[in-house]
Structures are given as C-alpha cells and as structure tokens.
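Trainee: I should be grateful for a close look at one part of this structure, namely its sheet. Please describe how the strands are arranged and what lies against them.

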Amino acid sequence: MAEPLIPEYVDAKKIFAQQAVIIGELPIARFERFCQSLANSSGTVSVSLRFYFDEQHKRVIEGEVAADVQVHCQRCLEIATIVLSESFKLGVVDSESFIDRLPPDLEPWICADNRLVLADVLEEQLILCMPIVGYHEDNCPRASGFKNRGDQSVSGLSGETKGQAKPNPFAILQSLKETK
Ligand SMILES: [Zn+2]
C-alpha cells in the first residue's frame, strides 16, 4: 500500500491558484545532502503540503514532514532511530528583495522561476529539524553515566525542545505543533 510519490517539482504559477494539496512519501535516499548526517538512508519521509494565497495575496506553502531516521548514537556509536517531525509555513517570493514584505509568521522561500522544486523545500525542512547531536532516546547501552548530566545536548529533537528532555517524544512533537 505505497502512498503516492511527491513530484520532484511543480509549476509555481498553477499550484497556488489551484490551492493544491499534496500528500505522500519520498524515499529518504532521495535527499542526498540530508543523508550525509544519517547512518543510512533507509526509510521514507511522509509529507503533506498545502498551497494557497493568503489575504495579502502572498503565496504560502503550509506543510509537514515526518520520518524515522537512523543516526549513529553519539554516546555508544551504535545505530539509533530518531523520530523527526516538523511543520512549517513558507512564503514563496521571486527574489530576496521581496523577503521584507513577508509577514513574520512566514519563512521565506525564494523561487526565481516557475519551477518550484519540492524536493529542495522538503530537504531544507528535514535538515532544519535534525538534532545537532543524535543519540538513543531510550535503551542506550551507555546512557546510565549520562543521566544526571543536566539538560543541554540531550535533546533528541529540534532546537526548540532543547533543555527539556522528556520521556515521550510524541509529547514533544505535540507541544511543538501547539506553539506554531
Ligand atoms: Zn546509544
């Protein structure tokens, strides 16, 4: 039951006018730059994207990426699976000079021609949500010596959760969503 694959790129002229919604998956191996920080490139990235014009007629991409990825645990150097999930809201502009005009809740994405490369958009989001230091969330063979070392550097998720090592990664994801 494979989900439909996400197109490599879309026509920026049409996609916002159509208020398109794209939901599907892409193989992690597709994202070469992202894979450089992983232990291997197995698995898929789940993606949902919504395209529309906002009230100020800005082109907006609202989306989510989620993937289970494998990294080398920085404590024990064995492979650890970490859960990535990120939602984002991008304002698509033609050039840097338009970035100032975007409302603050939109991250700029520059698309100079009509070819909006979704693979690049998604790769950027994946890289942004990678923890700086990956490690086993649970059951790390070498975790016991680290337990009471405080908080920094033990967050397995994105920067926003730094300093709040919580036992349940889904709780963190939920709180991330709520703050956006
Ligand atoms: Zn470990």
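Mentor: The following account goes from the chain as a whole to the sheet, then to its hairpins and to the helix that crosses it. The model is a predicted one. Four helices and seven strands make up the chain, and, read from the N terminus, the order of these elements is β-α-β-α-β-β-β-β-β-α-α. The chain has 180 residues, of which 27% are classed as buried. Among contacts with a separation of 6 or more, 54% link residues that are 24 or more positions apart.

The sheet itself is open and is built from five strands in the order 2-3-4-5-6, with mixed pairing. Its edges are strand 2 (21-27) and strand 6 (107-110), each of which pairs on one side only. On average, and with direction ignored, neighbouring strands of this sheet are turned by 35° against each other. As a general matter, the strands of a sheet pair through backbone hydrogen bonds, in either a parallel or an antiparallel manner.

Consider next the pairing of strand 3 with strand 4. Strand 3 covers residues 44-53 and strand 4 covers residues 59-72; nine bridges connect them in the antiparallel sense. Within this pair, Val47 is placed opposite Val65 of strand 4. The two strands form a hairpin with five residues between them, and in this hairpin His57 adopts a positive phi near 65°.

On its other pairing, strand 4 is joined to strand 5 (residues 79-93) by 14 bridges, and these two strands also run antiparallel. Two positions illustrate the register: Glu64 stands opposite Ser87 in strand 5, and Asp68 has Val83 of strand 5 as its bridge partner. Here too there is a hairpin, with six residues between strand 4 and strand 5, and Leu77 in the turn has a positive phi of about 70°.

It remains to place the helix that lies against these strands. Helix 3 lies across strand 2, strand 3, strand 4, strand 5 and strand 6, and runs at about 130° to strand 5. The buried residues of helix 3 are Val121, Leu122, Leu126 and Cys129, together with Glu123 and Gln125. The length of helix 3 can be checked against expectation: helix 3 comprises twelve residues (118-129), so at 1.5 Å a residue it should span 16 Å, and the 17 Å between its end C-alpha atoms agrees with this.

Technical notes
Residues numbered from 1 in each chain as written. Predicted model: local features only at pLDDT ≥ 70, side-chain atom pairs only at ≥ 80, totals over all residues. Buried ≥ 20, exposed ≤ 12 C-beta atoms within 10 Å, placed from the backbone. Contact = placed C-beta atoms within 7 Å. Pairing = 2+ DSSP bridges. Expected span 1.5 Å × (residues − 1). Axes fitted to C-alpha atoms, helices over the stretch in contact; angles between N-to-C directions.
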